[in-house]
Amino acid sequence: MISNSPKSIKTKPFNKKVIKDAIVRHLHCSLGTDENKANNHAWWKATCAAVQEQVLEQVRKTQKSHYLNDTRAVHYFSAEFLMGRLMSNNLHNLGLFELTEMALRELGISIVDIMEEESDMALGNGGLGRLAACFIDSLATLDYPAIGYGLHYENGLFRQEIKNGKQIERPDSWRDYGNPWEICRPESIQEIPLYGFVETKYDANGKIEKEWHPGSIVKGLPWDIPIVGYGGKTVNILRLWQSQASGYFNWDVFNAGGYVDAQKETVQAETISKVLYPNDETQAGKELRLIQQYFFSACSLKDIIRRYKRANGDDWKRFTSQVVIQLNDTHPAIAIPELMRILVDRAKLEWEQAWEICTNTFAYTNHTLLPEALEKWPVSMVAKILPRHLEIIYEINRRFMIEVEKIWPGDDKKKQKLSVIEEGHEKMVCMGNLSVIGSFAVNGVAEVHSSLVKKSLFPEFHQIWPRKLTNVTNGITPRRWLKVCNPKLAKLIDKNIGEDWPLHLDKLQQLTNLAEDQKFQKQFMKIKYDNKVSLTKEILNLTAIKVDPKAIFDVQIKRLHEYKRQHLNLLHIMALYHRLLENPDYKMHPRVFIFGAKAAPGYALAKDIIYGINQVAQKVNNDPRINNKIKVIFLPNYRVSLAEKVIPAADVSEQISTAGKEASGTGNMKLSLNGALTIGTLDGANIEIAEEVGTENIFIFGLTVDEVRDLDENGYNPFDYYKTNSELKAILDWLDTDFFTPGKPGALASIKQSLLAGGDPYKVLADFDAYSKAQAKVDAAYGDKTTWAKMAILNTARMGKFTSDRAIEEYVDKIWKLQKCSVE
Ligand code: 26Q
């Protein structure tokens with residue numbers, strides 16, 4: 001149990017003076033400046049250094065306690081950890097935020113100002129990366145032994161600029177001025193082999209042996225980032241690997257050599273951790289990406305095994321009782337053959353014994369059903385980079401195919417479908433199949449998604465292992481996503497139900513009693529209004545556009561994807577605009593449509609949709625005829641720190657993906673927790689959100705998963721909607737003109753094209769009418785202030801289920817089987 005609330009920490013020897021002294025000491029001794037000369041950046045760094053002192057003390061205690069208790073730990077392997085900023089979060093979790101704020105104030109410094117100095121740690125694309133960040137927060141908070149393992153990208157997700165309405169990508173150099181939270185651990189460097197060839201040998205007993213002669217070796221240098229649990233007791237570690245040249249290059253293997261090429265080798269080694277691939281939900285198939293995946297998986301496995309051996313020697317018997325590895329999607333799935341290689345080639349275990357260990361070590365989380373997102377690597381590429389792993393993959397597959405033959409004798413179709421190797425023009429290694437076969441548990445991330453994983457993605461695997469596939473619905477940390485980002489609402493909640501809701505989010509239920517209390521409604525909506533005023537200032541800052549905080553703030557913030565249907569939102573905005581032009585008396589509450597979205601740089605249509613939003617914004621925002629009824633805001637460079645400003649100010653949350661396409665969504669949970677009402681489809685976690693808040697407190701519309709499937713199977717013709725809905729026709733035809741793109745007719749035609757001739761794969765036109773009607777209901781509901789306030793409060797009150805603490809407890813219970821380990 002977590003006994004100390006952050007409050008009790010304040011009774012520790014920290015007081016304002018101690019904090020002040022520590023900050024000033026760091027200003028002097030770490031930064032070589034003083035109170036008079038220091039700028040905000042120096043104050044920020046000195047404050048972080050002062051906080052980090054406390055954090056590192058707890059890191060030591062945590063590690064000692066885990067060691068003495070010989071604990072089992074989860075190792076969360078993820079190519080992405082979207083951490084955002086750490087200062088405010090760490091201070092809150094340590095229970096030192098208010099003291100530090102006061103200390104700084106007495107030094108003449110505003111904590112809010114210096115927090116803006118921190119770059120986001122944007123080492124992730126979106127949902128999957130942020131989920132990893134929320135999960136490690138919960139693991140530390142709940143006192144579970146855990147390590148996050150990932151890549152120390154030199155450049156995180158690109159910084160987005162908007163020029164003439166279009167997205168421009170700029171490098172994100174988040175460590176340019178140093179990162180005060182990370183600790184370099186050269187004592188734990190690992191060496192990782194790549195390329196080369198495999199030699200077949202025979203041991204003294206004539207048994208076959210394989211030896212991999214790598215063509216080159218790169219070094220992995222670990223950087224540790226402390227993860228402070230709420231309450232400040234357990235502080236776990238996120239370990240991120242940076243690649244470095246090792247100086248080893250087998251010139252014989254490559255049959256060439258020389259001093260100059262050796263420099264090239266250095267550059268190549270250091271390229272591995274240079275940049276995060278910016279595409280989510282599509283697989284690029286790039287060689288460097290596979291090397292990244294192998295690099296961090298192999299470094300992490302070696303690190304785990306080194307630690308295991310320190311406590312257990314060379315005996316592998318206890319391995320599966322001490323170690324569980326969670327694969328965050330298939331990105332680290334190459335760890336499965338890597339562990340087999342270590343056990344069979346290095347530790348000389350029998351295959352069966354090694355496989356037993358392997359399949360009791362790994363568990364795999366699936367985050368998508370989209371075919372284009374399922375990872376496949378050309379066999380030829382794996383053969384070149386990881387020749388021994390390819391052999392092992394073939395052996396895993398050969399043995400598995402024997403099992404399949406036993407279950408479905410003579411059924412080659414089944415074998416084809418379940419094989420790790422996909423035959424065809426180019427042979428491919430299917431990482432999803434490998435992950436299911438090599439893991440003891442596989443989970444989806446929301447009920448509907450998990451049931452589709454069982455029914456449509458992996459039905460045969462589900463038949464073979466009926467207990468392997470399961471669901472763990474995603475969650476979000478209420479520390480960052482309410483307490484830290486929405487301090488006014490957090491304090492109002494504290495006052496009414498006590499202060500322990502961040503650890504027991506179900507307690508928000510108690511707000512239900514206040515949902516109809518007029519005074520509470522006023523306070524709740526006043527906070528929403530204040531947050532909207534703050535966002536209004538931010539919008540003015542970022543876009544030079546003035547918006548009215550009394551308007552409805554309607555928010556769609558997420559990666560840009562056709563399946564997420566930002567263009568459905570856009571078409572509806574155009575329809576409203578069209579109505580207002582036709583009828584200036586058209587009744588609607590003024591609304592500000594706020595978008596934040598990055599498009600993968602190579603995803604042309606996604607970029608066109610961003611351009612479309614900006615061009616419609618340009619036209620609508622400056623059209624005096626509509627009397628400021630509609631404003632459209634595209635916030636550039638959407639990221640965690642911007643989400644923290646937008647979410648507390650949202651009235652309406654757009655969760656409008658095509659049913660069956662959004663695995664879960666997590667932004668939906670964050671917005672609802674902060675009192676925004678969802679307009680959404682029956683997709684992903686929306687379904688469970690609707691169950692929790694009640695269908696009367698959410699605006700559900702559109703096709704269901706089954707209806708989408710029926711359309712796909714029985715033929716869907718988007719032209720039917722175009723021809724019969726005159727409003728829809730008018731706005732689609734607008735896209736062919738230069739109405740929104742003066743002088744450039746047809747600059748937005750690609751959007752229309754995708755929805756008509758392109759077949760409208762995401763059923764935008766099929767859902768348009770239902771969406772439009774649901775939006776009319778939103779408009780009407782906002783007109784009734786009391787009812788709206790009640791609905792908003794009930795959303796906050798009923799989000800208890802979606803704390804990442806609940807998700808982690810489910811993982812522990814169903815999959816990880818961990819024990820809590822308290823820290824002094
Ligand atoms: C794969 C191969 C090569 C390059 C990139 C990738 C890649 C990278 C990131 C593929 C996918 C991703 C990210 C996927 C993602 O964020 N999925 C989201 O995961 C959330 C957490 O479970 C869900 O809530 C979302 O529904 C899901 O879309």
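This passage looks at a helix pair and a pocket in a predicted model.

The helix pair comes from the stretch that runs through residues 335–346, which form helix 12, and residues 351–359, which form helix 13. The axes of helix 12 and helix 13 come within 9 Å and cross at roughly 140°. Angles over 145 degrees would count as roughly antiparallel, and 65 to 115 as roughly perpendicular, so helix 12 and helix 13 are oblique to each other. The crossing is right-handed. On the helix 12 side, the contact is made by Ile 336, Leu 339, Met 340, Leu 343 and Val 344. Helix 13 brings Trp 351, Ala 354, Trp 355, Ile 357 and Cys 358 to the contact. Sorted by class, the contact between helix 12 and helix 13 has 10 nonpolar residues, with no polar and no charged ones.

Attention now turns to the pocket. The second largest pocket has a volume of about 740 Å³, and 29 residues line it. Nearest the centre of the second largest pocket lie Gln 63, His 66, Ile 147, Arg 307 and Arg 310. Both helices and strands contribute to this lining: two or more residues each are given by helix 3 (40–68), strand 1 (73–77), strand 4 (146–151), strand 12 (235–249) and helix 10 (287–312). Helix 10 provides the largest share of the lining, with eight residues. By class, the lining of the second largest pocket has 11 nonpolar, nine polar and nine charged residues.

Notes: Residues are numbered from 1 along each chain as its sequence is written. This is a predicted model: local features need pLDDT of at least 70, side-chain atom pairs count only at pLDDT 80 or more; totals for chains, interfaces and linings use all residues. Side-chain values use heavy atoms; hydrogens and water are left out. Axes are lines fitted to C-alpha atoms, for helices over the stretch in contact, and angles run from 0 to 180 degrees between N-to-C directions. Helices (H or I, at least four residues) and strands (E, at least two) are DSSP runs, numbered from the N terminus. Angles under 35 degrees count as roughly parallel, over 145 as roughly antiparallel, 65 to 115 as roughly perpendicular and the rest as oblique. A crossing is left-handed if the near helix is turned anticlockwise from the far one by less than a right angle, and right-handed if clockwise. Contact means heavy atoms within 4.5 Å. Ala, Val, Leu, Ile, Met, Phe, Trp, Tyr, Cys and Pro count as nonpolar, Asp, Glu, Lys and Arg as charged, and the others, Gly among them, as polar. On a 1 Å grid over the protein atoms alone, a cavity is a set of points where a 1.4 Å probe fits but cannot get out, and a pocket is an open set with protein on both sides within 12 Å along at least five of seven lines; lining residues have an atom within 4 Å of a point. Grid points are joined across faces, edges and corners, and a volume is the space filled by probe spheres set on the points.
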